[in-house]
Amino acid sequence: MKGHSVNQGVVRAEAIVTNQVFGFWGGIDTNTGIIIDEHHELCGQSIKGKVFVFPEGRGSTVGASVILELARCGTAPAAMVNQKTEVILATGAILAEKFYDISIPVVDSLDKDPVAEIKSGDLVEVNGDTGEVYILKDK
């Protein structure tokens, strides 16, 4: 799939996918990377080291600092793939690289819906340099 690069870097990791929007502020435990939003379908699951695929972010401007804290704690997603990436999410990924030298590639606006194409458990490569996302191994 070809899309728009929001933040650079290349990573291969297992995907975790939701069709629900996601709010980082109050939605995740930064010490573990586990989703704690009781109203979210992924509640209890970890995004640590995974390609987090979701339609778009929801909510607070504090989301960028939550992503930054995930990076500091070593619990950040390996990459994020969205239908539309809000500025707050992009800022969090960019700051993780600036403050902690941790690359979180972010790609959006793909030519196919990533939420429909990618399944949790798939091995995915996210190329934030070119804006491409590849499903390497289906679950």
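**Note on the sheet, helices and cysteines**

1. The 7 strands of an open sheet follow the order 1-7-6-5-2-8-9, and their pairing is mixed. This is a predicted model, and the points below should be read with that in mind. The edges of the sheet are formed by strand 1 (4-7) and strand 9 (132-137), each of which pairs on one side only. On average, and with direction ignored, neighbouring strands are turned by 30° against each other.

2. At the edge formed by strand 1, the partner is strand 7 (residues 106-108), which runs antiparallel to strand 1 and is joined to it by 3 bridges. Within this pairing, Ser5 is the residue that stands opposite Val107 of strand 7.

3. Helix 2 (87-100) lies across strand 1, strand 5 (51-54), strand 6 and strand 7, and runs at about 55° to strand 1.

4. Helix 1 (residues 63-73) has several buried residues, among them Val66, Ile67, Leu68 and Leu70. The cover over the buried residues of helix 1 includes strand 3 (28-29), strand 6 (79-82) and helix 2. Just after helix 1, Gly74 adopts a positive phi of about 75°.

5. Why is Cys43 not bonded to Cys73? The closest cysteine sulfur to that of Cys43 belongs to Cys73 and is 19 Å away, which is too far for a bond, given that a disulfide requires two cysteine sulfur atoms within 2.5 Å. The count is accordingly 0 disulfides. As for exposure, Cys43 is partly exposed, with a relative accessible area of 34%, and Cys73 is also partly exposed, with a relative accessible area of 25%.

Definitions and conventions
Residues are numbered from 1 along each chain as its sequence is written. This is a predicted model: local features need pLDDT of at least 70, side-chain atom pairs count only at pLDDT 80 or more; totals for chains, interfaces and linings use all residues. Side-chain values use heavy atoms; hydrogens and water are left out. Buried means under 20% relative accessible area, exposed over 50%, partly exposed in between (1.4 Å probe, protein chains only). Helices (H or I, at least four residues) and strands (E, at least two) are DSSP runs, numbered from the N terminus. Contact means heavy atoms within 4.5 Å. Two strands pair if DSSP finds at least two bridges between them. Axes are lines fitted to C-alpha atoms, for helices over the stretch in contact, and angles run from 0 to 180 degrees between N-to-C directions.
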